[in-house]
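Here is a short report on one chain. It goes through charged pairs, the nonpolar core, a surface patch and the cysteines.

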Amino acid sequence: MRFGNPAVRRMVRQSDGGALYTEGQEATYRGVYLKAALYAALTIITAVGCELGLFKAISDGYIAQALTVIGIAAGVSLIPLLIIAFVIAFVPSTAKVLGCIYAILQGGLLGLLSLCCDLVFPGIAFAAFLGTAIVFLVAIVVNSVFKTRISSRFVRGLMVAMVSLLFVQLIMWIMSLFNVFDYTAFIWLQLGISALCVIWATVMLFWDLQNIDYIVQSGADKRYEWNVAFSLVTTLIYMYVEILELLVRIMALFSRNKN
């Protein structure tokens with residue numbers, strides 16, 4: 001679950017006090033979205049290349065080798081991703097370089113995840129990508145036209161609901177390990193949690209758009225564009241994963257009903 005970028009939150013607080021003001025080049029919407037497009041392009045290109053390469057290997061009969069690559073790549077990428085995200089969060093000036101490395105590594109993991117889902121439900125990864133793009137475009141329009149603002153009280157309430165449901169899901173999963181009940185029988189609860197995660201991702205998206213407004217309108221230095229752009233793209237990645245998970249659960253439910 002994603003709770004937002006600490007570096008961006010500090011930047012917003014500083015911008016309210018004028019601490020980020022510069023007499024040089026100021027941050028612009030164009031600059032932020034161009035940098036976000038760079039991060040997104042690196043992520044998408046890596047993800048598509050990874051998925052297509054592994055899919056071809058599997059189609060050619062190199063299944064064991066492909067699975068080995070998937071396992072090693074997933075294990076090797078996770079730790080660097082966590083370290084990079086941590087560094088960027090507390091040393092914002094590193095976002096320009098480390099953000100690109102993060103996007104490439106994250107793209108590889110997304111490619112692996114998308115491949116696994118597409119092998120079971122062909123085309124579902126593209127559907128999740130399309131859903132993410134639609135939500136993003138709608139959010140931009142709504143934020144621009146209606147000046148949507150997310151209150152901290154609403155975020156706290158939604159966070160409590162999210163944590164509570166995830167805690168219940170964890171307890172039920174642990175109990176299922178001891179054969180107390182069949183965990184898969186609670187598919188509707190799992191669907192509800194996945195749907196709530198998508199809603200949370202949407203809230204985080206509006207929060208990012210709101211932070212972009214703060215940074216640009218406060219006259220912050222242009223170098224901070226990298227940070228808000230990075231936060232925006234990581235939110236979209238999180239949304240993609242949650243939409244993909246929701247679609248997989250829905251497809252699994254329909255498949256079970258057919259059987």
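## A salt bridge between two helices

Which side chain meets Lys35 in a salt bridge? The partner is Glu225, with N and O 2.7 Å apart. The model is predicted.

This pair links distant parts of the chain. Glu225 sits in helix α8, which covers residues 225-258. Lys35 belongs to helix α2, residues 29-59. In sequence the two are 190 residues apart. Both Glu225 and Lys35 are buried.

## Around Glu225

Glu225 counts as buried because its relative accessibility is 0%, and the cut-off for buried is under 20%. What does Glu225 touch, leaving aside its neighbours within four places in sequence? Its contacts are Glu26, Ala27, Thr28, Gly31, Val32 and Lys35.

Glu225 also forms a salt bridge with Lys222. Here the closest N and O atoms are 3.1 Å apart. Lys35, Lys222 and Glu225 are thus named together as one network of salt bridges. Lys222 has 25% relative accessibility, so it counts as partly exposed.

## Other charged pairs

How many salt bridges does the model hold? The count is five. One of them joins the side chains of Asp221 and Arg223, at 3.2 Å from N to O. Asp221 is buried, because its relative accessibility is 16%.

## The nonpolar core

The largest nonpolar core has 58 residues. Tyr39, Leu205, Ile212 and Leu232 have the most contacts inside it. Six helices each supply at least two residues of this core: α2, α3 (63-90), α4 (95-120), α5, α7 (187-217) and α8. Helix α8 gives the most, with 15 residues.

Take Leu232 as an example from this core. Leaving aside its neighbours within four places in sequence, Leu232 is in contact with seven residues listed here: Tyr33, Ala36, Phe136, Leu205, Asp208, Leu209 and Ile212. Among them, Leu205 and Ile212 also rank with Leu232 for the most contacts inside the core.

## A nonpolar patch on the surface

Nonpolar side chains also form a surface patch of about 740 Å². Its members are Ile44, Val48, Leu52, Phe126, Phe129, Leu130, Ile134 and Val138.

Which helix gives the most to the patch? Helix α5 does, with five residues. Helices α2 and α5 (124-146) each supply at least two residues. Phe129 is a patch member and lies in helix α5. At 40% relative accessibility, Phe129 counts as partly exposed. Helices α2 and α5 also each supply at least two residues of the largest nonpolar core.

## Cysteines without a disulfide

How many disulfides does the structure hold? The number is zero. A disulfide is a covalent bond between the sulfur atoms of two cysteines.

Why is Cys116 not bonded to Cys117? The closest cysteine sulfur to that of Cys116 is in Cys117, 6.7 Å away, and this is too far for a bond. A disulfide would need the two sulfur atoms within 2.5 Å. Cys117 is likewise in no disulfide, with the sulfur of Cys116 as its nearest cysteine sulfur.

Are these two cysteines buried or partly exposed? Cys116 is partly exposed, because its relative accessible area is 38%. Cys117 is buried, with a relative accessible area of 14%.

Note on methods
Residues numbered from 1 in each chain as written. Predicted model: local features only at pLDDT ≥ 70, side-chain atom pairs only at ≥ 80, totals over all residues. Heavy atoms only, no water. Salt bridge = Lys/Arg side-chain N within 4 Å of Asp/Glu carboxyl O. Helix = DSSP H or I, 4+ residues; strand = E, 2+ residues; numbered from the N terminus. Buried < 20%, exposed > 50% of the residue type's maximum accessible area, 1.4 Å probe, protein only. Patch = residues over 30% accessible without salt bridge, like charges linked within 9 Å, V, L, I, M, F, W, Y side chains within 5 Å. Areas by Shrake-Rupley, 256 points an atom, 1.4 Å probe, with all protein chains shown as cover. Core = buried A, V, L, I, M, F, W, Y, C linked by side-chain atoms within 4.5 Å. Contact = heavy atoms within 4.5 Å.
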